[in-house]
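Thanks for passing this one along. Please have a look at the model below, and then at my few comments on it.

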Amino acid sequence: MRFSATVACLTACLASAEALSVFNGKAPNALASDDGTKVPGESPLEFCTGEHGNDIVKIEKVDLSPNPPAAGKELVIEASGIVNETIEKGAYVLLTVKYGLIRLVNTKADLCEQIGNVDLKCPLEKGKMVIRKTVDLPKEIPPGTYSVLADVYTANDKKITCLTATVTFKVGNGFFSNEL
């Protein structure tokens with residue numbers, strides 16, 4: 001899958017979960033870690049623990065603007081990377097989204113359907129890719145900490161990539177502000 005497919009998927013599943021209507025396109029404030037798993041750039045994305053040398057997609061950078069994102073605001077997602085082999089229909093993402101300890105989503109989603117949210121389609125050809133997507137974050141995002149895991153595979157169960165993020169929406173923005 002083109003790098004963007006993974007980032008597209010994860011930004012589609014994470015940062016802009018409009019892909020599965022989980023947050024309807026919202027990406028929040030990241031809780032950073034310094035263990036070397038952070039995806040380069042200004043975003044909450046991290047690589048899952050484990051080896052990523054054989055991943056089909058090599059993510060070079062992901063930036064969110066603003067970072068941290070805010071409920072009721074526009075979010076710009078810019079990402080770049082390299083797709084090492086063509087990604088065909090049948091690719092999928094195992095997606096888990098939690099709100100605190102509560103599991104909101106635990107599903108297997110068709111990657112090729114989800115990447116349509118960032119204006120891509122399968123097959124995703126081998127090579128360098130850059131994506132830019134703007135999403136409007138709804139005001140109604142409940143404050144709290146969200147954890148997302150997206151484990152992405154080809155139709156033949158070959159690892160495309162695995163990404164996680166922990167994001168926090170704070171009280172005082174959007175629906176839960178004093179603007180009611």
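Here are some notes on the disulfides and on one loop residue.

1. A word on the source before the details: this is a predicted model, so please read the points below in that light.

2. Let me start with the cysteines. The structure contains 2 disulfides. With the bonded cysteines numbered in sequence order, they pair as 1-4 and 2-3.

3. One disulfide connects Cys48 with Cys162, with an S to S distance of 1.9 Å. It links distant parts of the chain: Cys48 lies in the loop between strand E2 (45-47) and strand E3 (57-65), while Cys162 belongs to strand E9, 114 residues apart. The torsion about the S-S bond is -65°, making the Cys48 and Cys162 link left-handed. Cys48 and Cys162 are buried.

4. The other pair is Cys112 and Cys122, whose sulfur atoms sit 1.8 Å apart. This link is left-handed too, at -85° about the S-S bond. Cys112 is in helix H2 (residues 111-114) and Cys122 is in the loop between H2 and strand E7 (127-136), 10 residues apart. Cys112 and Cys122 are both buried.

5. Now for Thr154, which is located in the loop between strand E8 (144-153) and strand E9 (159-169). Is Thr154 buried or exposed? Its relative accessibility is 10%, and buried means under 20%, so Thr154 counts as buried.

6. Which residues is Thr154 in contact with, leaving aside its neighbours within four places in sequence? They are Ile56, Ile87, Gly90, Ala91, Tyr92 and Ile160. You may like to display these side by side with Thr154 when you go through the model.

Note on methods
Residues are numbered from 1 along each chain as its sequence is written. This is a predicted model: local features need pLDDT of at least 70, side-chain atom pairs count only at pLDDT 80 or more; totals for chains, interfaces and linings use all residues. Side-chain values use heavy atoms; hydrogens and water are left out. Helices (H or I, at least four residues) and strands (E, at least two) are DSSP runs, numbered from the N terminus. Buried means under 20% relative accessible area, exposed over 50%, partly exposed in between (1.4 Å probe, protein chains only). Contact means heavy atoms within 4.5 Å. A disulfide is a pair of cysteine sulfur atoms within 2.5 Å.
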